[in-house]
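Q: I have a model open and would like to learn how to read its features one at a time. Could we walk through it together?

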Amino acid sequence: MKVKSQIALLIIISLIASCKPKTAENLEEMARRSSRPEAVLVKTVKLEPSTFYNELVSNGKAYSSEKAVVPFRVNGIIKELRIQNGQKVKAGELLAVIEDTEFKAELLKAEEDLERARIDFKDDLISFNLTDDTTKIAPSALKYSKIRSGLNSALITYGTAQNNYNNTRICAPISGSVANLEATQWNPSLNYKNLCAIIFDEVMDVEFPVIESEYGFIRKGMPVGIIPFVNDSTLIKGTISQINPQVDETGMIKVKARFRNTGRLIDGMNVKVVMRKPVPGRLVVPKEALVIRQGKDVIFVRQDSLAIWKYVTIEFENSTSVSVKEGLEAGDLVIVSGNVNLAHETIVREE
């Protein structure tokens, strides 16, 4: 019985001894696997020579291409007001009516005075020329007859009265939107400087400055992009229409561009103007590819499964991309995403 117990004890000891190396081996393998770095997911673009667009950016203001101030040409009570700010109107459309009783009476009186002057004119012709046939009377005689009869004065008075009466009905001089309307119905027109303004904003101009040194960059007919400050995701295409051939006291040149409004801009709105000049045959990469390492410009390229750190020299830069002068070659796989925390020879994998 004692022998059997000793044999069993030896078997247990041998089993325990054989298990120890295997456990150690497993722990080493787990440690080795846990230390293996995970590959960083990246996106790349293949670098090929292309056209870089050099940008010039300026701030300006957008204005309507046509703007008409609508004045009160006669004074009186505003009887009708048919408009409000922002309303679209067409040329010739009735905007407001001034109470016309007084002006109508003056017109009727002027008509009577004119008829009386015409009768007196004929009497004067017969008295001095024995005929009222104006084709048979000398021009000088006709002139004096018109003065003596008061015909000239009557014609002027009638024209003024008719003009005043017509101006009691105020119509739009151009098509566009109503702006700066302050007048209110049943108030004297004398209380207001003007009735309103009509702004044609379907086509607009933007005026912006360019520094003297950049004069050679711009030209008439050059395309521009207009970006409203209120919505920098909107880009409206325009064309340079005017370049003022004079440098002001601040060293700036005034430039105008014309564009068709998409409905996003209103008169006087602040905008950013972007001018683009093509420079062909450059190695162009997105700005997202550029990172700063040790105070220098760096771009990572993928070589097989490694991210390789390359110092670069930037030639040009615009709002979306850079032109690389030195440090990269055509055919390089430039990492454009996932490069923020990369180091030299980090293991990477294409996303």
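Q: Where along the chain does L130 lie?

A: L130 sits in the loop between α2 and α3. Keep in mind as we go that this is a predicted model.

Q: What is special about the backbone of L130, given that it is not a glycine?

A: Look at the phi angle: L130 has a positive value of about 60 degrees, although it is not a glycine.

Q: Is the side of the chain at L130 buried or exposed?

A: Here relative accessible area is the quantity to read, and exposed means over 50%. L130 has 76%, so it counts as exposed.

Q: Which residue other than glycine has a positive phi near 65 degrees?

A: That is E345, with phi near 65 degrees. E345 belongs to the loop between β18 (333-337) and β19 (346-350). Its relative accessible area is 48%, which makes E345 partly exposed.

Q: Let's turn to charges. What is the general idea behind a salt bridge?

A: Side chains of opposite charge can pair when their charged atoms come close. In this structure, a search of the whole model finds 14 salt bridges. One of them joins R148 and D124, whose closest N and O atoms are 2.9 Å apart.

Q: Which elements hold R148 and D124?

A: R148 is in helix α3 (residues 139-149) and D124 is in helix α2 (residues 101-129). The two residues are 24 apart, and the pair links distant parts of the chain.

Q: How do R148 and D124 stand in terms of burial: buried, or partly exposed?

A: R148 is partly exposed, at a relative accessible area of 44%. D124, in contrast, counts as buried, with 11% relative accessibility.

Q: Which residue does E315 meet in a salt bridge?

A: The partner of E315 is R282, with an N to O distance of 2.9 Å. E315 is in strand β16 (residues 313-317) and R282 in strand β12 (residues 270-286), so to speak a link between distant parts of the chain, 33 residues apart. Both count as partly exposed: E315 at 29% relative accessibility, and R282 at 23%.

Q: What does the salt bridge of K287 tie together?

A: K287 pairs with E317, and their closest N and O atoms are 2.9 Å apart. Because K287 lies in the loop between β12 and β13 (290-293) while E317 is in strand β16, the pair ties together parts that are 30 residues apart in sequence. K287 is partly exposed, with a relative accessible area of 29%, and E317 is partly exposed at 48%.

Q: Which residues are joined into one network by salt bridges that share partners?

A: Those are K109, D113 and R116.

Q: Now for sheets. How do strands pair in general?

A: Strands of a sheet pair through backbone hydrogen bonds, either parallel or antiparallel. A case to view here is an open sheet of three strands in the order β3-β5-β6, with antiparallel pairing.

Q: Which strands are at the edges of that sheet?

A: The edge strands are β3 (78-81) and β6 (169-171), and each of them pairs on one side only. From one strand to the next, the twist averages 20 degrees.

Q: Over how many bridges do β5 and β6 pair?

A: Strand β5 (residues 94-98) and β6 pair over three bridges, in the antiparallel sense. To find a bridge by residue, start at V97: its bridge partner in β6 is R169.

Q: How should I read the surroundings of a single residue, and what does S177 touch?

A: Begin with its place and burial, then list its contacts. S177 is found in strand β7 (residues 176-179), and it is buried, with a relative accessible area of 10%. Not counting residues up to four places away in sequence, S177 touches G86, Q87, K88, A197, I198, I199 and D201. With one of these, K88, there is a polar contact from side chain to side chain at 3.1 Å.

Q: Where does R264 lie, and which residues is it in contact with?

A: R264 lies in the loop between β11 (252-260) and β12. Leaving aside neighbours within four places in sequence, R264 is in contact with N231, T234 and M269. The C-alpha atoms of R264 and V230 are separated by 9.3 Å, and these two residues are 34 apart along the chain.

Terms used. Residues are numbered from 1 along each chain as its sequence is written. This is a predicted model: local features need pLDDT of at least 70, side-chain atom pairs count only at pLDDT 80 or more; totals for chains, interfaces and linings use all residues. Side-chain values use heavy atoms; hydrogens and water are left out. A salt bridge is a side-chain nitrogen of Lys or Arg within 4 Å of a carboxyl oxygen of Asp or Glu. Helices (H or I, at least four residues) and strands (E, at least two) are DSSP runs, numbered from the N terminus. Buried means under 20% relative accessible area, exposed over 50%, partly exposed in between (1.4 Å probe, protein chains only). Two strands pair if DSSP finds at least two bridges between them. Axes are lines fitted to C-alpha atoms, for helices over the stretch in contact, and angles run from 0 to 180 degrees between N-to-C directions. A polar contact is a pair of N or O atoms within 3.5 Å; within protein, one must be able to donate a hydrogen and the other to accept it, and residues adjacent in sequence count only if both atoms are side-chain atoms. Contact means heavy atoms within 4.5 Å.
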